[in-house]
Amino acid sequence: MIQVRLPDNSQIEMPDGSTPADVARKIGPRLFDDALVAKINGELHDLNWKLKANDRVDILTPKSKDPEAIEVYRHSTAHLLAAAVLELYPDTKLGIGPAIDNGFFYDFQRSEPFTPDDLKKIEEKMKELSDRDLPYTRKEFPKEQGLKMFQQMGEGMKCELIDEKAAGVFSCYTLGDRFIDFCLGPHVPSSKKIRAFKLLSIAGAYWKGDEHNPQMQRIYGTSWFSQKDLDEYLKKLEEAQKRDHRKLGRELDLFSIQEEAGGGLVFWHPKGALIRKIMEDWSREEHLRRDYNLVFTPHVMRLDLWKTSGHTNFYRDNMFGAMEVENAEYQLKPMNCPGHILIYKSHLRSYRDLPLRLAELGTVYRFERSGVLHGLMRVRGFTQDDAHIFCTPAQLEAEVEGCLDFAWEVMRVFGFERYEVELSARDPKDPEHYAGTVEEWERAEAALRNTLDRKKIPYRYMPGEAVFYGPKIDVKLVDAIGRPWQLSTVQFDFNLPRRFDIEYVGEDGAKHQPVMVHRALWGSVERFFGTLIEHYAGAFPVWLAPLQVRVLPISERHLEYAHSIAERLKAADLRVEVDKRNEKINFKIREAQLEKIPFMLVVGDREQAAGTVGVRNRVQGDLGAQAIDDFLKTVQTLIETKAPTP
């Protein structure tokens, strides 16, 4: 007999050779029926894993709060998808099939392209396999034997993975008659556990993400513990598709990406460019109000600068190729940091000059692979609202607090009410992986943590998630339909100050190295603009709307009065136009609604005679007749307070 510990530290006695499934059965039938996977001593294992004495066992079910339960469930659904594909299309070759946020995918190699009709057939086959109650069975193979088996099956890509990742013995999982996959697991015990899933789309992908490798067909899907959860997610997905910034950007004529010019390069159309100007004007004014110094740095600089910064070693794959100018190599900048450091180094600084806050709406260029480009969210040329703060160690916490206050102001002004915060720290077990001393890391992490605690900001602590050059705070804005967007970052840097040998003269007359903080609030103008489009579903608040008011004359005889109204509003700095088309008034209203214009002013005989306007807004519809001054006061208040359209 062996003793097994439960999460509450109680112990139960089990026969030798018992498994987590046996523990679940002993605790109760309901737990056994719901069990998906086990966490043994903090590590995930299948329910039929053999237990040892004093193992601590936690049985994960759909009700568990542990996010690893749904990840295992989705990984198992990816295997179910692959098994269904092989039953329907036996000549298909397998790539990889991981769980991802809200779902899963599997990559396949097949001579014929999958079609939407194929997805329906595959989904039906998955349901059939689920009903068969097929076990997910773990098998282990010596490397040579397993390789030979996959070679005989013609699964060359699996052989590549085994060669790269397997040591002496490796594990596989089977499901059904044909499917076997090189996989660490764990998995749910049976296909019958997987009841709520949906295949969503087909996309192209390269094997291992390398464009030089064979092209694959990727099938995306989602799976949830209950049909209710699945239905809610699909409804949310439908709403997200309506808000897709690429679709709305085209419909509202805000921006485009022209393949003739190249992928990932954004063309800002007049309406989108006007919104961008309004955003940037606000940003610059707010930076000045907070004692930042605005700078501009070149788009291209000598390659040697990027060698000094280390980008040519650590970031070369994401940089465009160098260009030769007068026998010297130049590089499109992938980041703004070195340019700001050169400004700092332009003369010797004193402690009295610090903190020095340099801010730039700086355009950078990064070589993103075509397969990951995505509208405004992943592009090759973009403008960051970049700032770098040079300060003394004693000024550190105050500067972090100032960055967070600025981030909250961005959220308030642009209409985000919810957020998620993460503090990414180093892995204390691997100090050699990080630039800077242990003392510097401890001081920097403490500054971030103390600031968050002092401001009572809830956050997730993420050990091991920091980049090598410093800890950071990430702020994810949550949009109108509950999706988090990674935008704002406050990042320490122990690497660049040393590489560029930057200094200041302290109170003691000696030279010291300043602390350097990277800070971006929007992330990039493009990404933030895309997020705003989706957050507002294209219906921007009045202060951001490219056209705030459209005057709609009922007939041609009302045109002169309509123009007089427009001129009066323009004199008050409103963005206004008159719809001069010879169309029915209902058509004009419908067009203005589709263009998501905040206010429409209908003018006809009655309004002209009374000197009023018939006010409509895109949300509430007809608000009745109003005096021009009353309407103007309402709109100006909305603009000044940056409130949404009521």
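Which residues form one aromatic cluster together with Phe-414 and Phe-528? In this predicted model, the cluster consists of Trp-282, Phe-414, Phe-416, Trp-522, Phe-528 and Trp-543.

Aromatic contacts were examined across the chain, and the count comes to 23 aromatic pairs. One of these is formed by Tyr-89 and Phe-114, whose ring centres are 5.8 Å apart and whose planes meet at 70 degrees, an edge-to-face arrangement. This pair links distant parts of the chain, 25 residues apart: Tyr-89 is located in the loop between α3 (67–88) and β6 (93–94), and Phe-114 in the loop between β8 (103–109) and α4 (116–131). Both Tyr-89 and Phe-114 are buried. Within the cluster, Phe-414 and Phe-528 have ring centres 5.1 Å apart and planes at 90 degrees; the pair is therefore edge-to-face, given that planes over 60 degrees apart are classed in this way. Phe-414 occupies the loop between α13 (396–413) and β23, while Phe-528 belongs to helix α16 (residues 525–536), so the contact ties together parts that are 114 residues apart in sequence. The relative accessible area of Phe-414 is 0%, and the residue is therefore buried. Phe-528 is likewise buried, because its relative accessible area is 0%.

Charged side chains also lie over aromatic rings. Arg-110 is placed over the face of Tyr-89, at 4.1 Å from the ring centre; Tyr-89 is thus a residue that also forms the edge-to-face pair with Phe-114. In a further case, the charged end of Arg-357 sits over the ring of Tyr-292, at 6.0 Å from its centre.

Strand β23, which comes after the loop that holds Phe-414, takes part in a parallel pairing. Its residues 418–425 pair with strand β24 (residues 460–463) over 4 bridges. Among the bridge partners, Leu-423 is matched with Tyr-461 in β24. Together with helix α14 (residues 438–454), strands β23 and β24 make a β-α-β unit, and this unit is right-handed.

Open and enclosed spaces were then considered. The largest pocket has a volume of about 2,000 Å³. It is lined by 44 residues, of which Ile-100, Asp-101, Tyr-220, Arg-246 and His-374 are the closest to its centre. At least two lining residues are supplied by each of β8, β12 (196–206), β13 (215–224), α7 (227–242), β26 (484–493) and α16. Helix α7 provides the largest share of this lining, with 7 residues. Helix α16, one of the contributing elements, is also the helix that holds Phe-528.

As for enclosed space, the count comes to 2 cavities of 30 Å³ or more. The largest cavity holds about 90 Å³ of space. Its lining is made up of Ser-283, Arg-284, His-287, Leu-294, Val-295, Phe-296, Ala-359, Glu-360, Leu-361, Asp-385, Asp-386 and Arg-519. Helix α9 (270–289) and strands β21 (356–365) and β22 (381–391) each supply at least two residues of this lining.

Finally, one loop position was characterised by its exposure and by its distance from another residue. Pro-189 is found in the loop between β11 (179–182) and β12. Its relative accessible area is 29%, and Pro-189 is therefore partly exposed. Pro-189 and Gly-415 are separated by 226 residues in sequence and by 45 Å in space, C-alpha to C-alpha.

Terms used. Residues numbered from 1 in each chain as written. Predicted model: local features only at pLDDT ≥ 70, side-chain atom pairs only at ≥ 80, totals over all residues. Heavy atoms only, no water. Pairing = 2+ DSSP bridges. Right-handed = clockwise from strand over helix to strand, strands pointing away. Phe/Tyr/Trp six-rings, centres within 6.5 Å; stacked < 30°, edge-to-face > 60°. Buried < 20%, exposed > 50% of the residue type's maximum accessible area, 1.4 Å probe, protein only. Lys NZ or Arg CZ within 6 Å of the ring centre and 35° of its normal. 1 Å grid on protein atoms, 1.4 Å probe; cavity = no way out; pocket = protein on both sides within 12 Å on 5 of 7 lines; lining within 4 Å. Points joined across faces, edges and corners; volume = space filled by probe spheres on them.
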